[in-house]
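Please look over the structure shown here, beginning with a single residue and then moving outward to the places where chains meet.

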Amino acid sequence: MWFYEKKLQYPVKVTECNPRLAKYLIEQYGGADGELSAALRYLNQRYTIPDKVIGLLTDIGTEEFAHLEMIATMIYKLTKDATPEQMKEAGLGAHYANHDHALYYQNAAGSPWTATYIAAKGDPIADLYEDIAAEEKARATYQWIINMSDDPCLNDSLKFLREREVIHSQRFREAVEILKFEKDRKQFF
Amino acid sequence: MYTPVKCYHPYYGPYDPCPPCKTKCYQTPPNLYLGFQPMNLQQYPLQEALYKGTLWPCLYDPYPTPVPEGGKR
Amino acid sequence: MKQGQSHDQERYSLMEKIQMVDFALVDLTLYLDTHPEDTQAVQQFNQLAVESRDLKTVYEQKYGPLRQYGGSFSGYPWNWADSPWPWQL
């Protein structure tokens, strides 16, 4: 089971009300390479992967939920108290018409989240390579959002999340090595 | 060789409508080079680690990385 | 309601300390998942786990429970569900 802790993984700060940035950030909330997809992908793969790497998938999958909460916090802060007029100007008029200020699992272009974002091949190497690719894609998405954002506080949190993708990718690469050399793992140490 | 960013010069033609971007760059983060992380590597102090996004200097990849003159991501 | 309370600077800096220690625990966890035989890292992990527990006890005495479902003790009346939530802080 899981436990909630009343704490963000990283202190998220946002400089100003800026719904346009929220529109882009939604990509990492409900997009193909977003945090929801990541969490569900890794936790779901655990049931069909060698025991040696179940711990890693559990721990990275759980961390992704902490990242999902950080993204939600950013969107919440960027749009909180924004007027319908401001939402409209930010390109969120269609969102407002359907959801008011509610968050919704969709990508930056408004497509709702779908399970097809998640691959589960049941082959350990195929699945771990999928995970490495997912981390690199998420890292790239953070880069593109940072390139468009001029909010220094927000960028600080986005850089944190981008670095976490680098670390996750590293650990998944190590998991591949562990599965490759299962018989004589000692050679690494 | 490990460098955090690599650049190249994309082809551009005389009739390209947008002003050409003569140098394009892409990131090559340290996880591509480290291999299986050796034990006992240096760590950041805890206060710093949170703001770097990692305990491990060997895996820290600052962004945006400074790119050469005229370079564009 | 309950504004002002959350503008307490001390609260933020105590929370930041917890975030620092807990972050090291997260990153060490992922490292240990692929390096289970690193004695030093296991030792560091256990030390940090104590530090995290102690910091949270101090925070909780002032600002209410952090951990759900009995991970923390409740005050009276029940104060688990009090604002601010993490995204409101």
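In this predicted model, a convenient starting point is Ala138(A), which lies in helix H6 of chain A, the helix that covers residues 124-148. Ala138(A) counts as buried because 27 other C-beta atoms lie within 10 Å of its own, where 20 or more are enough for a residue to be called buried. Leaving aside residues up to four places away in sequence, Ala138(A) touches Asp33(A), Ala38(A) and Glu165(A). One may also compare positions along the chain with positions in space: Tyr29(A) and Ala138(A) are 109 residues apart along the chain, while their C-alpha atoms are separated by 11 Å.

From chain A, the view can be widened to its contacts with other chains. In the contact between chains B and A, 17 residues come from chain B and 18 residues from chain A. On the side of chain B that touches chain A, nine of the residues are nonpolar, five are polar and three are charged.

The contact between chains C and A draws 20 residues from chain C and 24 residues from chain A. Here the residues on chain C's side comprise ten that are nonpolar, five that are polar and five that are charged.

Chain C also carries an annotation from a record, since an unreviewed UniProt entry places the feature "domain: Protein CotJB" at residues 13-88 of that chain. Within the model, this stretch of chain C, residues 13-88, is 62% helix and 0% strand, and the C-alpha atoms at its ends are 16 Å apart.

Conventions: Residues numbered from 1 in each chain as written. Chains lettered and ligands numbered in written order. Predicted model: local features only at pLDDT ≥ 70, side-chain atom pairs only at ≥ 80, totals over all residues. Contact = placed C-beta atoms within 7 Å. Nonpolar A, V, L, I, M, F, W, Y, C, P; charged D, E, K, R; others polar. Helix = DSSP H or I, 4+ residues; strand = E, 2+ residues; numbered from the N terminus. Buried ≥ 20, exposed ≤ 12 C-beta atoms within 10 Å, placed from the backbone.
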